[in-house]
Amino acid sequence: MSSPTLETLTPEVQVQIMRNIGSIPALFSLLRASPRYYQVFRNQREYLLTQVAFNQFHPGIIEDVWNMAKVFQIPQPVPIDDAGNFISYKTLLDNDHQQHSMRTSVTAPLCKIGPTISWFAEDYRQSSIQLLADLGTQMEIKQDSDILHSEYSIIEKGRVQRALCRFETFCHLFFVPEGEEVDIDYRIEARRYMLSYLADDVEEIACIRDYLVRRLWDVFESIEERAMQEDPNSTLRRLGKASRRYDWFNGYAKLYHADYMEYILSKGLRFIREVLEADGLRQAELIITQSFGRDFFISHALSDESGKDSHYISLDYNSGTYDGEGDYIGDDLDALTQGSLWAHHERIPADWGRWPLKGLRDWGYVFWDKRRLEASGLLNLEPEDVAVYLFDERKERLSVEDRLSGGYGEHRPVVFGRTPEGRRRSSIDTYCVLPNGEPF
């Protein structure tokens, strides 16, 4: 009697194999390779898509994945009342949710966003860990490179995935199409979305925001560098002249690049990934044609412009645990991380927004496990001494037009290093404005 193969297994066993596949691309590869599995899949389509859609994410963040799925069911632009109702009454899944089949209209958006969340999680690890290594070089501290650059732990990956899901949920809720005014109620509800999370959870979202800004500023800079090398009548330069009210490459439009950035962020992770993976003229086209000012989006929702309205003030201290040395105990997604305990061991959350955090967020201090942070060599240092080293993604850079015409001022490239005294930035300082509305 011949041994069974994957093709000759019973349909019940084949269903069990498919329901445990970890990603949609892997499932579809199997279905393309095996007509037999495809036939079984067709008979159990909704059930299997439900299982695999949620398998793409850490099991500890299913509540956030479900919230994201529910938000995706609301067509954009989301009415402000619907956004407010979602924030007030976030829908939770029953404990046995994965035993049920969901409509394809619910699972399909998760199937699409899952690979993008995974892509950004890996890109975030590489980008942020490299900054952490650069920080060690700047500060001349000994680091264990093998551990520092190792793959995610299960918990680390869950934290990053959770923050990405919450960022994407925010984008869907508060995206306002080009040409429409941003109602004050949108600003209020956007701030209330952040108020619905604990302080360290908000820091996770802020880390993702800073990372995306860093990656997109690199794109902005590369477009400008290409324009510097091209003829004024080239396709790229003509594309800049056709953008909105101002030539994208002149000094006046340069003042609005941070606002353009906000609008691009508001379009969500799938669009941002398309920008990052594009090259040449296509990448420039994606950026320049989306150069529509949006001065409120996530940076203002994360800002702390007044103490009374601060999202930090009304948040309770998280349930992290300490030992005698202030170390994190246990691998719980909902507990404070070692980085949070190190950075805030003498502060209550109401004070978190009142000292420089930008330098710590650059390398994702709230995401990493104790083992990786010990390998970085930072836990033996005072957080205040580390926070002054930051990735400065937007110094006073001249526009292409000003550089070509020999305009006054200095073109200073992106740097990572110690910020001079007097230019320290707190977590309330966004990449575009200070709390009082003045530019850097």
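**Group meeting: surface, core and salt bridges of a predicted model**

Let's start at the surface. The chain exposes about 19,700 Å², and carbon and sulfur atoms supply 49% of it. Those areas come from the Shrake-Rupley method with a 1.4 Å probe; for residues, only the protein chains shown count as cover.

A word on the source. This is a predicted model, with residues numbered from 1 along each chain as its sequence is written. Local features need pLDDT of at least 70, side-chain atom pairs count only at pLDDT 80 or more, totals for chains, interfaces and linings use all residues, and side-chain values use heavy atoms, with hydrogens and water left out.

Now the overall build. The chain has 22 helices and two strands. Both are DSSP runs numbered from the N terminus: helices are H or I with at least four residues, strands are E with at least two. Of the 440 residues, 55% count as buried. Buried means under 20% relative accessible area, exposed means over 50%, and partly exposed is in between (1.4 Å probe, protein chains only).

Next, contacts, meaning heavy atoms within 4.5 Å. Take the contacts in the chain with a separation of 6 or more. Residues 24 or more positions apart account for 77% of them.

What sits in the core? The largest nonpolar core has 120 residues. Such a core is a set of buried Ala, Val, Leu, Ile, Met, Phe, Trp, Tyr and Cys residues joined through side-chain atoms within 4.5 Å. F174, L265 and W363 have the most contacts inside it. Look at W363. Leaving aside neighbours within four places in sequence, W363 is in contact with ten residues you can pick out on screen, among them Y124, L131, W342, W368 and V386.

Helix α4 is a good example of cover. It spans residues 45–55, and eight of its eleven residues are buried. They are Y47, L48, L49, T50, Q51, V52, A53 and F54. What covers them includes α1 (11–19), α2 (24–33), α3 (35–43), α5 and α7 (104–139).

Stay with α7 for a moment. T116 is found in this helix. At 5% relative accessibility, T116 counts as buried. Not counting residues up to four places away in sequence, T116 touches L269, R270 and R273.

On to charge. How many salt bridges does a search of the whole structure find? It finds 20. The cut-off: a side-chain nitrogen of Lys or Arg within 4 Å of a carboxyl oxygen of Asp or Glu.

First pair: the side chains of R166 and D64 meet at 2.7 Å, N to O. R166 lies in helix α9 (residues 154–174) and D64 in helix α5 (residues 62–72), so the bridge ties together parts that are 102 residues apart in sequence. Both R166 and D64 are buried.

Second pair: R162 and D334, at 3.6 Å, N to O. R162 is in α9, while D334 is in the loop between α17 (297–302) and α18 (338–344), so this pair ties together parts 172 residues apart in sequence. R162 counts as buried, at 3% relative accessibility.

Third pair: R192 and E189, with the closest N and O atoms 2.9 Å apart. They are three residues apart in helix α10 (residues 184–195), so about one helical turn separates them. R192 is partly exposed at 27%. E189 counts as buried at 15%.

Last item, a network. Salt bridges that share partners join E203, R209, D210 and R361.
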